[in-house]
Amino acid sequence: MSTSNLARLVSETQGALQPEGFDLARVRADFPILRGQVNGKPLAYLDNGASSQMPQQVIDRLIRYRTSEHANIHRGVHYLSETATAAYEGARRKVQKFINAAEEREVIYTRGTTDAVNLVMHGYGRAFIGEGDEIIVSQLEHHSNIVPWQMLRDEKGCVLRVIPCNDAGELQLDEYAALFNDRTKLVAVTHVANALGTVNPIKQMIATAHRHGVPVLVDGAQAVPHLRVDVRDLDCDFYCFSGHKMFGPTGIGILYVKAALLERMQPYQGGGDMILSVSFEKTTYNVIPHKFEAGTPPIAAGIGLGAAVDYLEDIGMENIAAWEHELLRYATEQVSRLEGVRIIGTAKDKAAVLSFTVPGVHPHDVGTVLNEEGVAVRTGHHCAQPVMQRFCIPATVRASFAFYNTFAEIDQLVAGLRRVQKMFG
Amino acid sequence: MDSKQLYQEVILDHNKKPRNWGRLADPSHRAEGVNPLCGDHIWITLKVDGSNIAELAFEGESCAICKASASMMTTNVKGKSVEQAERMVQDFRDMATGRLDTAQQPHQLGRLTVFAGVKDLPSRVKCAILPWHTLHAAFHNEQSASTEGDADPMGLPAVKLADE
């Protein structure tokens, strides 16, 4: 059977090549929003890199919390406060197990990945990085892993060094190794590049940094929803990710930090919950992780994140990675066939992200026409302008997949792109 | 909003074959327009003879909506007075932001009403308005126009549309 026949078969049968133990139809049924229509067409939601959808299990958990469990945490002696605290702290333990952190207190709740990176900039960077010190970032970073370090540079007079990428969108590891010197104080690098989908060999990159005694921050926002992340196996020092990209709510994220490092860091924000005692003369900070969690947190969002972790564990990260691999393979094959379409980011190891340009058509026009066909994609620079500069383009169209996407949705994307080419041809 | 409505033949045609494309060698007024969020970037040059727009031209890199809007703007304001053109700038801006219903209210826009549908696509309003902002800037001898900050037709902080 030829590849195209095989693809057609899979398309028609909705997943003949689904991994064993993974039921696509059942999984899709968990996501009510996927049954919706846009402009009279079935929704093909291919913007998961920007934000993913929530399964009914997470929505139900949020409703249950708001209906019958809400109170402030960590302070009341009453029933509801204890219920809310147990659920919120229980979610932290779920996250700890999910990423295989050694201890619960290494898992800090944040507002999201951006907040997590900023916490490290303030808590670690401002305390331990000074004038003339160097921070290594990569050319593939999201703005949220560039701008905080530039703010530190402007404040402290430290220096940013950039790991370049090749034409496929892969980081050049020999150049990376050559960037280290005795002023290098931190490496801040993404696990999966949001604009291109490149999966960086971060375990190897972390080992390189550690040989120079340099800690590593990993932006895992695009990795955690798609592949098994084991922070102890990676041996990363800081790992950041967001709830809303992993089928949980917005407004919640995680910063993992090795306990020994966390003990040395200064607090990010002052306020309630992060203190043990306060007088006008002296304040004693709370123990980690609470020292870094000032104020009343988004309790419901934290509990929702725990429910999202349960959901992902139930499906299995290995199944997710396997099915998304099939989606990427099929989408790459189909989009490549469209005349002139240029795929940006062709790394050997890629997450299910397909960034491309259509010759002669601005990505925003492509996005508007695809929207008419019910297809949701991201168009623009994806908050990664240095990546766009590297490839000499102002913007791309980006289809980013999740485990609930189907071959039929990819066909819908391709049909939309054919219409774009016809309209602007 | 049906984008078939937005991308009408006339818009696709002006995108493909923009009219008055280029730069005047000896302009009396000029301005550069930038939409930093999507990378739309145009230059407008014009010659004002007395109070009339004798000649104008544009060029740049942009999406189809911006290019067609600029092209149709040049054909529609050429030969008109600066005052008439300024009224069109105001009408176009009001139409694109939904403040002017061209089907019900009087206006100066003529065939430019093909852009009325853009009001239902907030992320594309700025694409359509940029050429008009740039023309307005040229009349006032401002060297550049933007769709951001004080000039933001949506009245929203620029970063709102750029964030992921």
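How many bridges join strand 14 of chain A to strand 17 of chain A? Four bridges do so, linking residues 353–357 to residues 396–400, and the two strands run antiparallel. The legends below describe this and other regions of a predicted model.

**View 1. The four-stranded sheet of chain A, with strands 14 and 17 among its members.** This open sheet has the strand order 13-14-17-16 in chain A, and the pairing is antiparallel. Its edges are formed by strand 13, covering 342–344, and strand 16, covering 378–380, each of which pairs on one side only. When direction is ignored, neighbouring strands of the sheet are turned by 30 degrees against each other on average. Between strand 14 and strand 17, one pair of bridge partners is Ser355(A) and Arg398(A), the latter lying in strand 17.

**View 2. Helix 12 of chain A lying across strands 13, 14 and 17.** Helix 12 comprises residues 317–336 of chain A, and runs at about 15 degrees to strand 14 of chain A. Helix 12 also appears in the next view, where it contributes to the side of domain 1 of chain A that touches domain 2 of chain A.

**View 3. The contact between domain 1 and domain 2 of chain A.** The domain assignment of chain A places 3–30 together with 316–424 in domain 1, and 59–314 in domain 2. The C-alpha centres of these two domains of chain A lie 29 Å apart, and the contact takes 22 residues from domain 1 and 21 residues from domain 2. On the side of domain 1 that touches domain 2, the elements giving two or more residues are helix 12, strand 14 and helix 14 (385–390) of chain A, and helix 12 of chain A gives the most, with five residues. By class, the residues on this side of domain 1 divide into 12 nonpolar, four polar and six charged.

**View 4. The seven-stranded sheet of chain A.** The strands of this open sheet follow the order 4-10-9-8-7-5-6 in chain A, and their pairing is mixed. The edge positions belong to strand 4 (107–110) and strand 6 (159–163) of chain A, each pairing on one side only, while the twist from one strand to the next averages 20 degrees. Strand 4 of chain A is joined by four bridges to strand 10 (residues 253–257) of chain A, and these two strands run antiparallel. Within this pairing, Tyr109(A) has Ile254(A), in strand 10 of chain A, as its bridge partner.

**View 5. The buried and exposed residues of helix 8 of chain A.** Helix 8 spans residues 202–211 of chain A, and its buried residues are Ile202(A), Met205(A), Ile206(A) and Ala209(A). Seen down the axis of helix 8 of chain A, these buried residues fall within an arc of 100 degrees, so they line one face of the helix. The buried residues of helix 8 pack against helix 7 (173–178), strand 7 (184–190), strand 8 (216–219) and helix 9 (231–234) of chain A, whereas Gln204(A) and Arg211(A), on the other side of helix 8, are exposed. Helix 8 of chain A is followed by Gly213(A), whose phi is positive, near 70 degrees.

**View 6. The contact between chain B and chain A.** Each chain gives 16 residues to this contact. On the side of chain B that touches chain A, the elements giving two or more residues are helix 1 (3–6) and helix 5 (122–139) of chain B. By class, this side of chain B has eight nonpolar, three polar and five charged residues.

Note on methods
Residues numbered from 1 in each chain as written. Chains lettered and ligands numbered in written order. Predicted model: local features only at pLDDT ≥ 70, side-chain atom pairs only at ≥ 80, totals over all residues. Pairing = 2+ DSSP bridges. Axes fitted to C-alpha atoms, helices over the stretch in contact; angles between N-to-C directions. Contact = placed C-beta atoms within 7 Å. Buried ≥ 20, exposed ≤ 12 C-beta atoms within 10 Å, placed from the backbone. Arc of directions from axis to C-beta. Nonpolar A, V, L, I, M, F, W, Y, C, P; charged D, E, K, R; others polar. Domains from an automatic or database assignment.
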